[in-house]
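Work through the following exercises with the structure beside you, and try each task before you read its solution.

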Amino acid sequence: FLKIGDHRDLHSFPTRRSSDLDLRKKSNTFGKHFKSILSDKNAKSIFIPAGFAHGFLALEKENIIYYTCTNYRSARHEIGLLWNDKDFKIKVVANII
């Protein structure tokens, strides 16, 4: 569970904002991020391809996130990115609710 304002970095939804960053060096969109609002009301879901970093910002009091992966978790292959890294230029909601 996430509390309102919790941000998980660079994965039926209550409302959350998804931020996805293209890390594929040969991609035309390398280094660009894409944002979308996912909620039980708009019934949207997203597919995040390999080579992307994914994070989300909880916009509701409680959030349960379901996701699947193409392979088993491998800590050896994981990296962490700060969502507020100035190079990414990801803006976060200043006043939540």
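Contact here means heavy atoms within 4.5 Å, and pLDDT is the predictor's confidence in each residue, from 0 to 100. This is a predicted model, in which local features need pLDDT of at least 70 and side-chain atom pairs count only at pLDDT 80 or more, while totals for chains, interfaces and linings use all residues. Residues are numbered from 1 along each chain as its sequence is written, and side-chain values use heavy atoms, with hydrogens and water left out.

**Exercise 1. Find where pLDDT stays under 50, and set this beside the values for the protein and its elements.**

Step one is the average: the protein has a mean pLDDT of 78, and 79% of the residues score at least 70. Step two is the list of elements, for which helices (H or I, at least four residues) and strands (E, at least two) are DSSP runs, numbered from the N terminus. The protein contains 0 helices and 4 strands, and among its elements strand 1 (residues 7–8) has the lowest mean pLDDT, 51, whereas strand 3 (residues 33–38) has the highest, 88. Step three gives the stretch itself, residues 9–13, for which the model has 28 contacts beyond four places in sequence. Where pLDDT is low, the predicted coordinates should not be read in detail.

**Exercise 2. Classify the aromatic pair formed by Phe34 and Phe52.**

Begin with the rule: rings of Phe, Tyr and Trp (its six-membered ring) pair if their centres lie within 6.5 Å, and planes under 30 degrees apart count as stacked, over 60 as edge-to-face and the rest as tilted. The count by this rule is 1 aromatic pair. The ring centres of Phe34 and Phe52 are 6.2 Å apart and their planes stand at 40°, so the pair is tilted. Phe34 lies in strand 3 and Phe52 in strand 4 (residues 52–58), so that the pair links distant parts of the chain, 18 residues apart.

**Exercise 3. Decide whether Asp22 is buried or exposed, and name its salt-bridge partner.**

A salt bridge is a side-chain nitrogen of Lys or Arg within 4 Å of a carboxyl oxygen of Asp or Glu, and buried means under 20% relative accessible area, exposed over 50%, partly exposed in between (1.4 Å probe, protein chains only). Asp22 has a relative accessible area of 0%, and is therefore buried. The partner is Arg24, with the closest N and O atoms 2.9 Å apart, and Arg24 is partly exposed at 34%.
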